[in-house]
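Dear colleague,

I am handing over the structure below, together with some notes on what was found in it. Please have it open beside this message while you read.

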Amino acid sequence: MADRKYEFSWSLLGDLELGRPNLGPHTRLEVYRLMQFTFRDVIEQELGAEKTDQLFYKAGELAGREFYSQYLSETGDFHTFVRELQRSLQEMGIGILRVEEADPEAGTFILTVSEDLDCSGLPELGYEICTYDEGFIAGLLESFTGGSFAVKEVDCWCTGDRTCRFTAEAVGS
Amino acid sequence: MSPEELQRATDELARLMLDAITLPKPPAIPADYDSVDSLQELYAVIQSLRQFLSAAANGDLSQPVGFRGYLAGTLKTLQANLRHISWQTKMVASGDFTQRAQFMGEFSQSFNAMVVQLDETLKELTRREHELREANEALGLLATSDPLTGLYNRRHFFELAQAEIERALRYSRPLSLVMFDIDFFKEVNDTYGHTAGDTVLEMVARVAQGALRTNDISARYGGEEFVVLLPETNATVAATAAEKLRSLIEKTGVQNGEHEIRVTVSFGVTDHLQRSSTALLEKRALQLIDQADEALYASKHAGRNRVTMFQPPEPERKDPNATASLD
């Protein structure tokens, strides 16, 4: 697509020290969720729920890849990658990552994220909501392994659980 | 339904649920309630809960939680945390001592303390193993070396000499032994002191090490006496090497305060390994030593500061004291 207006680069996040000398780089979680869920609402009205989920997954993937490039590209082995990822997600208030199962060679993982940025504390809706996080995790794993991943949230606050659980499987060869 | 019937039905249902929770084997729902979907669902939830908790209590974390809601979510969080701890434990077992449990209260504290202790213990064991290895190496060195000169000691020389003698005999290879002795060493000690004497011994050993080949075996045999075993070498070549060494030592001074101490060395050389003999290796080594010693004595007798080759006695030799010498 030629002449894109909104192509992402990390520099678009700007100089926060320069831009917010008084308020600093932090804001309330409600502000983040306000933006995300209003986006969902409007996009769903325009394109339908399924397309909305696909777009959020894709955006999450992009975010995951960019996050990896920015903070995790120096990690070598899987143990270091997990440790650094846990630290980064916690420091940035994204969530508390834990590994239930991991088989890097087979490309299968089961991860949980507690106090998740998107959904922790949300009311029960009867379906999983963290499609953006699914893509985010896929983007991280793809960046680390070089392969493609399909990530699915199987437990969520919105399904009545108290931690988000994701399965990840390598796809293709 | 009358109030009494309602009371009775409610009581029956409540007791049924209590039994489902408390009894080892839960009772079946009476057929009267087959059409009550909410009751069937509640009963299924209790069954699922029983299965999950029973499995978890026996360490099986794979049992799914077959219902949803607050209670299910809490149980699944517990399950997820325990699975994560299991994974972390595997990582620790594989040597990753950076694992730390978080936000799990007392369990986190205990797990983390255990990992830290394991890490420290392993590091301490590694450090001790290293020290032990170094100590063993030093001990090995003490057992085989002369502490002053760093050359082999007499005992170890004999061990090595026997191996070389065996090899020379098996493959019919030449083998020479050189014995040398510092001339007038007692006077050096008497004049300059024993510390200066030690320095002279160190110098002689150092010059010898530098002049000889790496596979030559040199040792301090006695106070001021040294031996060198030269594999693959006949007496003529060994005598040439000895002469070179003699000259080097003669030219090397040892500074002692304002004085420079100079010494000379006398040599005896032999390669007369008695191949027809059936003597033990140790005895053969002693025979070589005796021969070299005899030649050394001849050097001393002829004026010192020289190399003499051992001459085996001839049956009809008229002068038993005649020996060849290199001046």
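Which residue stands opposite F180(B) in β3(B)? That residue is F226(B). Before going further, please keep in mind that this is a predicted model, and that what follows was computed from it.

The sheet of chain B

The pair just named belongs to β1(B) and β3(B), two strands that run antiparallel and are joined by seven bridges. On β2(B) the same strand β3(B) has another antiparallel partner, this time over four bridges, and here F226(B) appears again, as the bridge partner of R220(B). Between β2(B) and β3(B) lie four residues, and the two strands form a hairpin. Strand β3(B) is also mostly covered, with five of its seven residues buried.

These strands are part of an open sheet of five strands in chain B, in the order β2-β3-β1-β6-β7, and its pairing is mixed. At the edges are β2 (217–220) and β7 (307–309) of chain B, each of which pairs on one side only. On average, neighbouring strands of this sheet are turned by 15 degrees against each other, if direction is ignored.

A parallel pairing is found between β6 (residues 265–270) and β7 of chain B, which are linked over three bridges; within it, G268(B) has T308(B) of β7(B) as its bridge partner. Helix α5 (residues 154–171) of chain B packs on the sheet, where it touches β1 (175–182), β2 and β3 (225–231) of chain B, and the direction of this helix makes about 150 degrees with that of β2(B).

Two helix pairs

In chain B, the axes of helix α7 (residues 194–211) and helix α8 (residues 235–251) come within 10 Å and cross at roughly 140 degrees, and because of that angle α7(B) is oblique to α8(B). Their crossing is right-handed. On the side of α7(B) the contact is made by V204(B), V207(B), A208(B) and A211(B), while α8(B) brings K244(B), L245(B), L248(B) and I249(B). Sorted by class, the contact of α7(B) with α8(B) has seven nonpolar residues, no polar ones and one charged.

In chain A, helix α3 (residues 49–71) and helix α5 (residues 131–145) have axes that come within 6 Å and cross at roughly 40 degrees, so α3(A) and α5(A) are likewise described as oblique to each other. Here too α3(A) passes α5(A) in a right-handed crossing. The residues of this contact of α3(A) with α5(A) divide into 13 nonpolar, six polar and seven charged.

Where the chains touch

How many residues does each chain give to the contact between chain A and chain B? Chain A gives 16 residues and chain B gives 17 residues. On the side of chain A that touches chain B, the elements that give two or more residues are α4 (78–91) and β1 (96–103) of chain A, and β1(A) gives the most, with six residues. By class, the residues on this side of chain A are three nonpolar, five polar and eight charged.

If you would like a place to begin, I suggest F226(B), which stands opposite F180(B) and is also the bridge partner of R220(B), and then moving outward through the strand order β2-β3-β1-β6-β7 of chain B.

With best wishes

Note on methods: Residues numbered from 1 in each chain as written. Chains lettered and ligands numbered in written order. Predicted model: local features only at pLDDT ≥ 70, side-chain atom pairs only at ≥ 80, totals over all residues. Pairing = 2+ DSSP bridges. Axes fitted to C-alpha atoms, helices over the stretch in contact; angles between N-to-C directions. Contact = placed C-beta atoms within 7 Å. Nonpolar A, V, L, I, M, F, W, Y, C, P; charged D, E, K, R; others polar. Parallel < 35°, antiparallel > 145°, perpendicular 65-115°, else oblique. Left-handed = near helix turned anticlockwise from the far one by under 90°. Buried ≥ 20, exposed ≤ 12 C-beta atoms within 10 Å, placed from the backbone.
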